[in-house]
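User: I'm new to this one. Could you show it to me and let me ask how you know what you say about it?

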Number of protein chains: 2
Amino acid sequence: MVPIVSIVGKSGSGKTTLLEKVIAELTRRGYTVGVIKHDAHGFEIDHEGKDSWRHKNAGARTVALSSPEKFAVIKEVSPEWPPERIIASYLSDVDVVVTEGFKKSAFPKIEVVRKANSTRPVCGNDKRLMAFAADFKVSNKFPVFKLEDYKGVATLIEKEIITKHKAAGISLIVDGQKIELKPFIENLIKDGVTGMIKSLKGCSGAKEIELRIRQAEPVVRVTSRKK
Amino acid sequence: MVPIVSIVGKSGSGKTTLLEKVIAELTRRGYTVGVIKHDAHGFEIDHEGKDSWRHKNAGARTVALSSPEKFAVIKEVSPEWPPERIIASYLSDVDVVVTEGFKKSAFPKIEVVRKANSTRPVCGNDKRLMAFAADFKVSNKFPVFKLEDYKGVATLIEKEIITKHKAAGISLIVDGQKIELKPFIENLIKDGVTGMIKSLKGCSGAKEIELRIRQAEPVVRVTSRKK
């Protein structure tokens, strides 16, 4: 539902630096931005010995930290959640999500290429490639922004990604799977549910509705006893 | 919707250690456990200079990290989100949430008291206090578990919190506010939406439904230009 664009490129090309500047520029232009960074090698955010690490190590599936300014949620998953699912569940309240490093995804992409690092792009034949950001003329086929032209990249994202996306819509996840809906069904569900909710006290102006339903079932206990 | 219990107590009483053992014990008994730790003084999870720090510092509202085994989401909020909202949005898939440190919340509570630390409990008059875990007879009014009796505490949570909670139910958040529903309305929405969703291809056995609806509205741009 939230529009997505991915910044891709070889390790060391300068993805993070460009992304940082593009985030700042889009934020300056009034958009709220979410980011997902993909790290195939894993990351350490809850360090050994810290409370969050201890709780997760004890078996907690999800550990959250809450403070007056921010909160963090760390969740064990297996297999890896696709970015679409992370976005639907955790980043649905931003105007645009910029991802870093999902080079095999089906998201529209901007590839960063830096001559001193490598002259061969990784997504040159990707159908979703929109442009390059490079310090040389890496392609004749695609627009090539200068590496430092974060404003140009931000404008491309603004025009092609943010304003073209459908601001309204619904996201439906059933038992952890995202369900694709045809427009007719989407409208049926949207209008039906919105109609129900808007008639509730205090909800007549509802702009964003989140509904979770869990069917009754006995809590399954897997008991293991030592003999 | 997910049942909640809070481990409270003065700083240094041993909350984290007890919580760690209770999590491990509940996990051993087959439950999935989520944790929220409250830190009034803030926490540092994304360290200066790290990519996630750089992105958030550049203005990203929400930053996620994804790897094959886990993901993490860090979100700026102001004012602080109540734990109920964090749970409804981010921890709805566990059997029980154990929180640490929300001593002013309305959750059922277990207070940890350690003589060498302090002999005066902080929640002695709290209506939601269920029990103490202490190394002395801190109360005649409430059950007192020994500090090391994490199995007893786990059994209390299992009996009084997990099995008593309503396994089925719905959670509705409209424009960021949790909406309390009367049972009749809750059933009306639950049955209406479940009926719609179950008729979709592949959804007939739906046990857990997550639906998000965003109404159409133009993306608002706050443009600031330097003169």
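User: What makes strand β3 (residues 62-66) of chain A and strand β2 (residues 33-38) of chain B a pair?

Analyst: Two strands pair if DSSP finds at least two bridges between them, and these two have 5 bridges, in the parallel sense. So they pass the rule for a pair. One of the partnerships joins Thr62(A) to Gly34(B) in β2(B). Strands here are DSSP runs of E, at least two residues long, and helices are runs of H or I with at least four, both numbered from the N terminus.

A word on the ground rules: this is a predicted model, where local features need pLDDT of at least 70 and side-chain atom pairs count only at pLDDT 80 or more, while totals for chains, interfaces and linings use all residues. Residues are numbered from 1 along each chain as written, chains are lettered from A in the order in which they are written, and side-chain values use heavy atoms, leaving out hydrogens and water.

User: Why is Glu210(A) with Arg212(B) called a salt bridge?

Analyst: The term needs a side-chain nitrogen of Lys or Arg within 4 Å of a carboxyl oxygen of Asp or Glu. The closest N and O atoms of Glu210(A) and Arg212(B) are 3.3 Å apart, so the pair qualifies. The rule finds 6 salt bridges across the interface of chain B and chain A, and 18 over all chains.

User: What makes Glu158(A) and Arg29(A) a salt bridge?

Analyst: Their N to O distance is 2.7 Å, so the rule is met here too. Glu158(A) sits in helix α4 (residues 150-162) and Arg29(A) in the loop between α1 (15-28) and β2 (33-38) of chain A, so this pair, 129 residues apart, links distant parts of the chain.

User: How do you know that the copies meet through the same surface?

Analyst: Contact means heavy atoms within 4.5 Å, and 108 residues from each of chain B and chain A take part. Of the interface residues of chain B, 100% are also interface residues in chain A, so the surface is the same.

User: How do you know that the two copies are related as by a two-fold rotation axis?

Analyst: Copies are superposed by least squares on the C-alpha atoms of residues with pLDDT of at least 70 in both. Chain B lands on chain A with an RMSD of 0.1 Å after a turn of 180° and a shift of 0.0 Å along the axis. The copies are therefore related as by a two-fold rotation axis.
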